[in-house]
Amino acid sequence: MMQHVEIFTDGACRGNPGPGGWGVILKMGDNRRELFGGEATTTNNRMELTAAIQGLAQLKRPCQVTLTTDSRYVMDGITKWLAGWKRNGWKTAAKQPVKNIDLWQQLETLCQQHLVNWQWVKGHTGHDENECADRLANQGIDNL
């Protein structure tokens, strides 16, 4: 039986582009782990994607994952848009190159190793883990 892991992610950017950070909370049973990091010049969307990638990358074996994000871009991209982008040679419906293709490809590879259930939560509305992931993302910027 696969272990169930909850992952909560958030990205932040001061300026877009600008210095950015990502935050992740992993919960499995009574265990909880918090991670964060940052990049000197990036975008908010890249940090949202990086948070999801970093969270999934911590898992050492296939897991049943509930991944909660406040990013519609990440959730819709992986659950709704990815198949079409690939079918169209990594072009959007408007025939433009998909932005952040490097991160989308990493995220797709990681998702193929797990059973991921994507959950969206509205940001900055008092959801405990989302608020904590936001603080961690900002810590990633502060520690640059």
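Exposed means over 50% relative accessible area, and buried means under 20%. Arginine 135 has a relative accessibility of 53%, so it counts as exposed. The legends below apply these cut-offs to a predicted model.

**View 1. Overall fold of the predicted model.** The protein has four helices and five strands. Along the sequence they follow the pattern β-β-β-α-β-α-α-β-α. The C-alpha trace spans about 45 × 40 × 25 Å along its principal axes. The radius of gyration is 15 Å, which agrees with the value near 15 Å for a compact globule of 144 residues. Of the contacts between residues at least 6 apart in sequence, 66% join residues at least 24 apart.

**View 2. Surface and charge.** About 7,600 Å² of the protein is exposed, and carbon and sulfur atoms supply 49% of that area. Buried residues make up 47% of the 144. There are 16 positive and 15 negative side chains. The centres of these two sets lie 8 Å apart.

**View 3. The largest nonpolar core.** This core has 30 residues. Those with the most contacts inside it are Ile7, Leu56, Leu59, Trp104, Leu107 and Trp118. At least two core residues come from each of strand E1 (3-13), strand E2 (18-28), strand E4 (63-69), helix H1 (44-57), helix H2 (72-87) and H3. Another core, of five residues, lies apart from it. Phe8, Ile25, Cys132 and Leu136 are among its members.

**View 4. Surroundings of isoleucine 7.** Residues up to four places away in sequence are not counted here. Isoleucine 7 touches Val24, Ile25 and Leu26. Its contacts also include Gly55, Leu56 and Leu59. Val65, Thr66, Leu67 and Thr68 are touched as well.

**View 5. Glutamate 108 in helix H3.** Helix H3 covers residues 101-111 and holds glutamate 108. Is glutamate 108 buried or exposed? Its relative accessible area is 13%, so glutamate 108 is buried. Beyond its neighbours within four places in sequence, glutamate 108 is in contact with Ile78, Leu82, Lys86 and Trp90.

**View 6. A cis peptide bond between E1 and E2.** Most peptide bonds are trans. The bond from asparagine 16 to proline 17 is cis, with omega near 10°. Proline 17 sits in the loop between E1 and E2.

**View 7. Positive phi angles between H2 and H3.** Most residues other than glycine have a negative phi. Which phi does lysine 95 have? Lysine 95 is not a glycine, yet its phi is positive, about 65°. Lysine 95 belongs to the loop between H2 and H3. Asparagine 100 is found in the loop between H2 and H3. Asparagine 100 also has a positive phi of about 65° without being a glycine. Burial separates the two residues: lysine 95 is exposed, with a relative accessible area of 61%, whereas asparagine 100 is buried, at 14%.

**View 8. Arginine 135 in helix H4.** Helix H4 runs over residues 128-142 and includes arginine 135. Arginine 135 is exposed, at 53% relative accessibility. How many residues along the chain separate arginine 135 from arginine 87? The two are 48 residues apart. Their C-alpha atoms are separated by 37 Å.

Terms used: Residues numbered from 1 in each chain as written. Predicted model: local features only at pLDDT ≥ 70, side-chain atom pairs only at ≥ 80, totals over all residues. Heavy atoms only, no water. Buried < 20%, exposed > 50% of the residue type's maximum accessible area, 1.4 Å probe, protein only. Contact = heavy atoms within 4.5 Å. Rg over C-alpha atoms; globule rule 2.2 N^0.38 Å. Areas by Shrake-Rupley, 256 points an atom, 1.4 Å probe, with all protein chains shown as cover. Lys, Arg positive; Asp, Glu negative; His and termini not counted. Charge placed at Lys NZ, Arg CZ, Asp CG, Glu CD. Core = buried A, V, L, I, M, F, W, Y, C linked by side-chain atoms within 4.5 Å.
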